[in-house]
Structures are given as structure tokens and as C-alpha cells.
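Trainee: Please pick one part of this model and take me through it close up, along with whatever it connects to. I'd like one connected walk-through rather than a list.

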Amino acid sequence: GMPFDSRRELTHFRRREMVKKGRWLYNNLGLISRFVKGTSRYSVGGGIVPVPTTGDEDFDKVLLDYFINWAETPAVCDVRQRFTFWRMQKAALRSMFKDGESFFLKAPAPDEVLVDGLPPIMGLPSLQWLETQHIGNLGYDSEGWDPQDFRDGIRIDFKTGAVTDYSMLEDMNPRAMDMRRRVIIPSDAMLH
């Protein structure tokens, strides 16, 4: 048939069902799990690394060392202090294949980060990886809209089509998976 506008094709209900089915396939069918893990491993490889090209070889080496020091230190790179930048890349890609999307919150950095065995690191950013269930509405209606004009946790300026804000849900009771509080994140602080 003729394709519709994406807002009519991919409703809130269909999107949630696709995420549930994708996760069920990943968790219960070894072939899908192996495909997702293999594809993420071969796509990212050892990790995506920026290559400084300022023209000054000594300065380029300092920049690369600075980045690698940040990327290999979970206590600095990850807000939760669990993943290196390389492991975050693979986890995000697995989430992309499994859920269809992944999010990174660019967290504000403290002025000085002290990590055992390393000199103080000044002003480095941290990332917080979020899976799809952490961006959403507070559950107002079946169409995914809420009173603050979020659709599936994303507010869009309909004049320009640009994303303006994200609705990040916080666990109030992790045992009950009760997400009743949200923090509104401006679009420039989130990578989708």
C-alpha cells in the first residue's frame, strides 16, 4: 500500500509493541541475540576514535592522549561509573538493533575529577546511556500524547520539525518499575 505520514504509521502503541517484540526475540531466540551482538561488535570494532588533525603533530598526540584517558576511565566517562566509552558504544548499538533507538545524556562535568592513580582531570564531560524505556510520557493516554505536548517522550516544534525537549523518566521505586517522575531535558543536552 501507499505509505502514510510516519505519525500515522508508527503510533505509540505500535512503537511500544515493536520494542517489546524486539526485546522478546533478543532474549528468547539465540539467533537474533547472536546477530545483534555480532553486528554491534563488527560495526564498532575496538571503538570509534577521533583523529585530531590540527597540523601540529605534538598537539595532535596530546589531544589523542587526552581523549583516550577520558574514554578508558569509567569513573570519568560514564555518569554511573560502569562503562568505558568503548563499551558504551557497543551497548548503544545493541540497543539500537534491539529497541530501535538509544539515548545519551551529556551530563555536566564537575570542575575537577579525582580518579585513583591519575592526575586531576579538569572539566571533562560525562555521558549517561539511556535505553528507550527511560524516555517517555507519564502514561496519560494510549496515543502517546501528554498535556505538555510530548509524544513518546519527545517534544517537537511542529513549525520547524526540530526536537526541542526530551522527557526523561526516573525510577521512583525500582522494584515496581514505577516511573512517575520526569525531568525535561533540552534537546542540545541529549544525543538520540
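Mentor: Start at Phe104, whose bridge partner in strand 9 is Leu191. Before we go on, keep in mind that this is a predicted model: local features need pLDDT of at least 70 and side-chain atom pairs pLDDT 80 or more, while totals for chains, interfaces and linings use all residues. Residues are numbered from 1 along each chain as its sequence is written, and side-chain values use heavy atoms, leaving out hydrogens and water.

The part we're looking at is strand 1, residues 103-107. Strands here are DSSP runs of E, at least two residues long, and helices are runs of H or I with at least four, all numbered from the N terminus. Strand 1 pairs with strand 9 in the antiparallel sense over 2 bridges; to count as a pair, two strands need at least two DSSP bridges between them. Strand 4 is also antiparallel to strand 1, and 5 bridges join those two. Two spots to find along that pairing: Phe103 has Leu130 of strand 4 as its bridge partner, and Leu105 stands opposite Gln128.

Put together, you get an open, antiparallel sheet of 3 strands in the order 4-1-9. Its edges are strand 4 (126-130) and strand 9 (190-191), each pairing on one side only. Strand 1 is mostly covered, with 4 of its 5 residues buried, where buried means under 20% relative accessible area, exposed over 50% and partly exposed in between (1.4 Å probe, protein chains only). For the protein's 192 residues as a whole, 35% count as buried. Helix 6 (residues 85-99) lies across strand 1 and strand 4, at about 25 degrees to strand 4. That angle is taken between N-to-C directions on a 0 to 180 degrees scale, with axes fitted to C-alpha atoms, for helices over the stretch in contact; contact means heavy atoms within 4.5 Å.

Now for the rings. They pair if the centres of Phe, Tyr or Trp rings (the six-membered one for Trp) lie within 6.5 Å; planes under 30 degrees apart are stacked, over 60 edge-to-face, and the rest tilted. By that rule there are 8 aromatic pairs. One of them joins Phe83 and Trp129: the centres are 6.1 Å apart and the planes at 65 degrees, so it's edge-to-face. Phe83 is in the loop between helix 5 (74-77) and helix 6, while Trp129 is in strand 4, so this pair ties together parts 46 residues apart in sequence. Both partners count as buried: Phe83 at 11% relative accessibility, Trp129 at 12%.

Back in strand 1, Phe103 pairs with Tyr166, and with centres 5.9 Å apart and planes at 75 degrees that's edge-to-face too. Tyr166 belongs to strand 7 (residues 162-170), so here the linked parts are 63 residues apart in sequence. Phe103 is buried at 0% relative accessible area, and Tyr166 counts as buried at 5%.

One last stop is helix 6 again, at Lys98: its charged end sits over the ring of Tyr26, 4.7 Å from the centre. For that label, NZ of Lys or CZ of Arg must be within 6 Å of the ring centre and within 35 degrees of the ring normal.
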